[in-house]
Structure formats: C-alpha cells, structure tokens
Amino acid sequence: MFCGGAAAAAIRHRGGQPRGGSAALRMTVLGHPGSWRCRWLPLLLLLLLGTGRDPGVEGVTHYKAGDPVILYVNKVGPYHNPQETYHYYQLPVCCPEKIRHKSLSLGEVLDGDRMAESLYEIRFRENVEKRILCHMQLSSAQVEQLRQAIEELYYFEFVVDDLPIRGFVGYMEESGFLPHSHKIGLWTHLDFHLEFHGDRIIFANVSVRDVKPHSLDGLRPDEFLGLTHTYSVRWSETSVERRSDRRRGDDGGFFPRTLEIHWLSIINSMVLVFLLVGFVAVILMRVLRNDLARYNLDEETTSGGSGDDFDQGDNGWKIIHTDVFRFPPYRGLLCAVLGVGAQFLALGTGIIVMALLGMFNVHRHGAINSAAILLYALTCCISGYVSSHFYRQIGGKRWVWNIILTTSLFSVPFFLTWSVVNSVHWANGSTQALPATTILLLLTVWLLVGFPLTVIGGIFGKNNASPFDAPCRTKNIAREIPPQPWYKSSLVHMTVGGFLPFSAISVELYYIFATVWGREQYTLYGILFFVFAILLSVGACISIALTYFQLSGEDYRWWWRSVLSVGSTGLFIFFYSVFYYARRSNMSGVVQTVEFFGYSLLTGYVFFLMLGTISFFSSLKFIRYIYVNLKMD
C-alpha cells in the first residue's frame with residue numbers, strides 16, 4: 001500500500017509567490033493519534049531526570065545479530081524553511097495499511113516530530129541488497145504533488161535508534177538559458193549505511209550516490225506512472241565506541257556543519273570588554289574621586305552656612321541628592337520587569353550550564369525544549385521573589401496586583417504570539433502545530449507549577465523585604481530638572497546603551513541564528529557561556545557610565561532610563577533578525593515568515609528584560625556607592 005491517495009486533496013497551492021518560480025505546497029494535518037499524547041509519568045521523569053545525561057549513549061538500544069531494527073519515518077519539508085515541516089505520509093509514498101505512531105516525548109512534539117513505523121525491514125548486522133519496498137501506480141495529480149515537493153527542495157527525515165537520517169525527496173536539474181532544460185526526478189531507491197560497535201548502533205546514513213532518479217517529466221494528464229521503490233542496507237563495524245566520539249565532519253551529515261571556534265568574535269568581544277571596564281574603572285572612578293574630594297571639601301568650608309546656600313552654589317550629581325532616590329512612576333511595572341528579567345537570567349544561565357555539563361543529548365530531539373520548559377516553570381519563584389521584594393521595599397501597596405502583573409508580563413505576550421504562529425501552522429497542515437493534548441499539558445504545567453511558584457516566591461519576597469534604606473533623605477517637593485542637551489536624551493542613551501552590548505555579541509549571534517533558524521548544531525557551549533558573561537559585563541559597565549552622565553546633568557530620573565538604555569539591546573537584536581532573514585537566509589513562505597518574526601520579537605523582548613534588569617541593579621549599586629561616600633549634614 002502507498003500513502004498519498006487521501007493526501008492528494010490535502011496538498012494545495014499556498015498563497016503568495018513561490019520560491020524559485022515553483023509552486024509551493026500546502027498540506028492538511030493528519031489526525032493526531034492517541035500515541036502522541038505525553039503521559040504524566042514519562043513527562044515528569046523526562047523533565048526531572050534531564051534529557052540524556054550522556055550524549056550519544058543515553059537512549060541507545062542493545063541488539064543481538066538478527067534483531068529487528070525499527071526505522072521510523074518522521075517528517076518532510078522545504079530545506080530552507082526549518083520550521084515548516086509536514087508528516088512524511090502526506091506525500092504519495094509507500095506506507096503500511098495501518099499507520100502506527102511512536103509515543104513521543106514533550107520535546108519531540110515541540111520540535112515538530114511525528115514518527116511512524118515504516119515498511120523498511122532492517123535487521124541488526126544483516127545486509128540487504130535491493131529489496132522491493134512497494135509497487136505504486138501514481139495518478140497525474142499525485143505526480144504533480146511530488147514535482148512540487150521536489151521543486152521546493154523537500155527533504156525527508158527518518159529515525160533509526162534515535163539517530164536522524166535525512167535525504168532529499170528527489171532530484172532537480174536546471175541548465176542552460178537557450179535552450180532551457182528543467183528536469184525533475186524521484187529517488188526510488190535508498191541505500192542505508194549503518195555502523196555498529198558491539199551490540200550498539202553508532203551511526204546511520206542514507207545515500208543515493210549510485211542511483212539514477214526516476215523521471216517525473218512528460219506525463220499526460222490521463223496517464224498513470226508506475227513506480228517500484230527499493231532499498232539496500234549495508235552494515236559495517238566501527239572502532240568508535242560512542243556516538244559523541246565521531247569527528248566533526250566525518251559523519252557525512254546531510255546538513256552543513258561549519259560551526260567552529262570563531263576567535264575573531266571572541267577577540268572582538270574581549271577587546272570591547274577591556275575597553276569598557278577600563279573606561280569605568282579608570283576614567284569614571286577618577287572623575288568620581290575628584291568629585292567626591294571637591295564636594296567634601298566644599299562641605300567642610302561651607303559647614304557654617306545653610307544647606308540652601310550650599311545647594312545654590314553647587315552643581316552636578318551632588319545637588320540632586322535629595323531627589324535621586326525619589327521612587328519612580330509605575331513602580332509595579334518596574335518591579336515586574338526586574339522580576340521576570342532576573343528569572344530569565346537564571347534560566348539562560350541554567351541552560352548553558354546544563355549544556356556544559358553534558359546534560360543534553362544532541363541525538364535526542366527536543367532536549368533543550370524540554371529543559372527550557374522545566375527551568376522556566378521552576379524559576380518562576382525567582383520572578384515572584386525579586387518583584388515582590390523590591391516592590392515592598394519601594395513602598396508598593398498593591399501586592400496581589402504586582403504578582404499578577406509579574407506572572408503575566410511574559411506569559412501573555414508569549415501566549416498571544418504562540419497563538420498566531422500555531423494557528424498559521426495548523427491552517428497549513430504543518431507538524432509544528434501542537435496537538436490539543438500537548439497544549440493542555442503545557443497549560444497544566446504552568447497552572448500547577450509556574451503560577452504557584454510565582455505566588456510562593458512573592459510571599460517570601462514580601463515577608464523578607466526590609467526598608468529601602470536610601471543613603472540620602474528625599475524631599476517632599478521634587479527639584480526642577482534643568483534642560484538637557486540632545487546627547488543626554490533617552491533616545492541617545494538607548495542607542496549607545498543598546499549598540500555596544502549588541503556589538504559584543506554580533507558575530508556570535510550569527511551562529512546562534514544559524515542554529516535556531518538554520519541547519520547547524522551548536523555545541524560550543526563554553527564559548528557561549530563566555531560571550532553571555534561578556535554581554536552582561538558590557539551591559540553593566542555601559543549602564544553605570546550612562547547613569548553617571550545623566551546624574552551629572554542634574555537629571556534624577558534614572559530608574560526607568562537605566563532599564564531602557566541597555567534593555568534596548570533587544571531592539572538591536574530584532575533589527576538583526578530582520579537583516580538575517582533578508583540577507584543571510586533563504587527562508588520564505590507564510591509559515592516560516594510568521595514563525596521567524598513572531599519568535600524573533602519574543603527573543604528581543606527577553607533580552608530587553610534580562611539586560612534591563614542587569615542595567616538597573618548595576619546603576620542602583622553605583623548610585624548607592626557614590627552617595628554613601630559623600631559627606632552630608
């Protein structure tokens with residue numbers, strides 16, 4: 001039996017201009033089988049025990065000679081659109097009469113996997129030479145479906161013992177201008193190459209190197225095309241004991257792997273950090289020392305006079321000591337930003353540390369997705385604690401409203417973005433559309449873990465909060481702020497404060513985008529941790545410098561300015577994502593475009609929260625330091 005009869009009506013043209021002059025595809029999703037539902041016990045074990053403690057070994061099955069090795073078909077999709085995937089059996093291909101789906105983990109479902117058993121019969125260490133898989137009679141409409149898929153550079157993904165193997169559905173050749181030739185062929189024979197060590201499978205690959213494609217050209221509308229699909233299996237023994245021990249580039253990977261240690265990015269970031277830290281530590285502190293000496297000397301010489309006379313004869317950051325700790329407007333929103341920002345700082349650090357400790361199996365699908373969901377739920381207590389603690393310190397009274405705002409600050413924008421993206425996937429039949437059971441499961445995790453931990457953290461933060469304890473007394477009447485030059489405006493501070501941290505990570509950002517939105521596998525977690533630390537350091541230094549310049553202009557409205565100045569790095573990251581989409585990728589189509597820009601907006605928002613939090617607390621620490629060391633009556 002072959003699939004595609006029922007899927008023939010499901011493959012329709014998508015709106016918009018097709019890439020490369022070819023028509024695009026639109027598929028309706030197959031009914032989600034019950035086997036996709038994530039059961040509670042396996043999910044909790046997955047989340048609590050991690051996603052593969054030993055990369056390349058965790059999840060490997062032990063076989064005896066002749067044991068059946070199940071090959072699962074997974075998904076197909078355009079090569080240049082990583083997040084646009086469809087079920088393999090939606091194409092007119094060989095499939096069993098009754099499709100049996102594999103139970104998947106939460107991370108695999110989130111990754112768009114929809115694994116099902118195939119007709120391929122593979123036994124451990126038994127070679128097969130050109131065995132017939134099935135015979136097919138394709139109508140002209142089904143042939144047209146395959147032609148469209150091949151023109152869109154559709155690739156397929158199979159899974160053997162948790163090892164993904166990928167190949168193109170067919171072959172397309174464009175040559176010449178006059179005369180122009182356009183040839184399309186379908187691969188009807190696949191060569192599977194598997195390597196084993198002892199009783200374990202170490203490597204799997206599929207090849208069409210010595211195979212001639214079956215032409216799909218010249219078929220009349222009322223004509224049927226007869227096809228015979230075959231396959232071969234070749235086993236070979238390897239001395240490599242673990243999958244993770246294979247050398248980079250030695251696996252004949254389907255996707256390009258060019259991620260190497262990029263010293264230029266590291267050196268660029270290090271130079272920037274040294275310059276900024278040197279600027280803050282040498283120049284800024286020297287100016288501060290002179291300011292403190294001058295202000296304290298003036299304080300002693302004018303001690304016989306009144307404080308008002310002193311204020312009238314002075315200028316700079318000293319004169320605003322009675323206003324610098326005046327609490328800002330929208331303090332509840334400010335505390336919520338700080339709380340959620342602290343949560344994402346802990347989440348990002350936790351993900352990178354777990355990766356450094358080897359807790360992610362690169363061969364297991366969706367490992368980081370599962371870990372991110374677990375850590376987000378568990379770190380909700382941090383957001384509640386930080387937000388409620390600081391809110392109580394600065395005199396906030398509406399504690400319940402503050403907790404609701406904190407828990408909604410990220411979850412509501414995320415839910416709205418996800419709803420749009422998931423609806424587009426569902427309308428186009430993509431496997432990236434989450435099943436209803438997975439949606440309910442994620443909602444339950446948030447309601448039973450994330451939200452309660454936010455409330456618990458808020459209670460502890462409120463009860464443990466001490467008075468703000470400002471070094472200077474705040475007057476009841478606010479001081480008038482003098483007119484500020486253009487270079488001390490919020491827009492200029494946001495431009496400088498956002499561009500410098502962005503420049504420190506701009507090269508590394510390309511590799512991250514190539515991993516998330518491309519076909520790379522990012523494994524340089526040590527470098528990523530180093531760059532992440534550089535980003536936070538640069539943000540803190542820039543925040544201190546900009547805050548000092550603002551206070552020197554007798555402008556004491558630093559609370560929100562400190563958050564926005566360095567937090568604007570998120571805006572630069574979003575602008576970079578637009579540049580990456582237009583100039584560094586080949587992504588196209590409604591499905592991929594909506595997902596890319598939707599989640600790029602969320603990424604910029606997360607960086608705004610993280611860096612805004614770092615910036616604020618750095619400025620607060622700096623301001624406390626300079627005013628504590630100032631002699632005042």
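Contact here means heavy atoms within 4.5 Å. This is a predicted model, where local features need pLDDT of at least 70, side-chain atom pairs count only at pLDDT 80 or more, and totals for chains, interfaces and linings use all residues. Residues are numbered from 1 along each chain as its sequence is written, and side-chain values use heavy atoms, with hydrogens and water left out.

**Exercise 1. The chain as a whole**

Task: Describe the chain by its contacts, its burial and its secondary structure.

Solution. Start with contacts between residues at least 6 apart in sequence: 81% of them join residues at least 24 apart. Next, burial. Buried means under 20% relative accessible area, exposed means over 50%, and partly exposed lies in between (1.4 Å probe, protein chains only). Of the 633 residues, 52% count as buried. Last, secondary structure. Helices (H or I, at least four residues) and strands (E, at least two) are DSSP runs, numbered from the N terminus. The chain has 15 helices and 14 strands.

**Exercise 2. The disulfide**

Task: Find which cysteines form a disulfide, and state its handedness.

Solution. A disulfide is a pair of cysteine sulfur atoms within 2.5 Å. By this rule the count is 1. C94 is joined to C134, with an S to S distance of 1.7 Å. The torsion about their S-S bond is about -60°, so the disulfide is left-handed. Now place the two ends. C94 sits in the loop between β3 (86-87) and α2 (106-110), and C134 in strand β6 (residues 128-138). The pair is 40 residues apart and links distant parts of the chain. Both C94 and C134 are buried.

Check C380 as well. The closest cysteine sulfur to that of C380 is in C381, at 7.7 Å, which is too far for a bond. C380 is buried at 3% relative accessibility.

**Exercise 3. Helix α8**

Task: Compare the span of α8 with its expected value, then locate its buried residues and their packing partners.

Solution. The expected span of a helix is 1.5 Å times one less than its number of residues. Helix α8 (residues 380-393) has 14 residues and should span 20 Å. Its end C-alpha atoms are 20 Å apart, which agrees. Burial comes next: 10 of the 14 residues are buried, so α8 is mostly covered. Among them are C380, S383, G384, V386, F390 and Y391. The buried residues of α8 pack against α6 (331-356), α7 (367-378), α9, α10 (436-463), α13 (558-567) and α15. Just after α8, G395 takes a positive phi of about 85°.

**Exercise 4. Two helices side by side**

Task: Work out how α9 and α15 are oriented, and which residues meet.

Solution. Axes are lines fitted to C-alpha atoms, for helices over the stretch in contact, and angles run from 0 to 180 degrees between N-to-C directions. The axes of α9 (residues 399-427) and α15 (residues 590-628) come within 9 Å and cross at roughly 170°. Angles under 35 degrees count as roughly parallel, over 145 as roughly antiparallel, 65 to 115 as roughly perpendicular and the rest as oblique. That makes α9 roughly antiparallel to α15.

On the α9 side, the meeting residues include L409, F410, F414, W418 and V421. On the α15 side, they include V594, E595, Y599, L602 and Y605. For classes, Ala, Val, Leu, Ile, Met, Phe, Trp, Tyr, Cys and Pro count as nonpolar, Asp, Glu, Lys and Arg as charged, and the others, Gly among them, as polar. The contact of α9 with α15 has 16 nonpolar, 3 polar and 1 charged residues.

**Exercise 5. Positive phi outside glycine**

Task: Locate D162 and Y330, and decide whether each is buried or exposed.

Solution. Most residues other than glycine have a negative phi. D162 has a positive phi of about 65° although it is not a glycine. D162 lies in the loop between β7 (154-160) and β8 (163-168). With a relative accessible area of 15%, D162 is buried. Y330 has a positive phi near 55°. Y330 lies in the loop between α5 (307-313) and α6. At 66% relative accessibility, Y330 counts as exposed.

**Exercise 6. Buried helix residues**

Task: List the contacts of T407 and H493, leaving aside neighbours within four places in sequence.

Solution. T407 lies in α9 and is buried at 8% relative accessibility. Its contacts are W446, F451 and T454. H493 lies in α11 (residues 490-516) and is buried at 3%. H493 is in contact with Y487, K488, G498, L546, Q550, R561 and S565.
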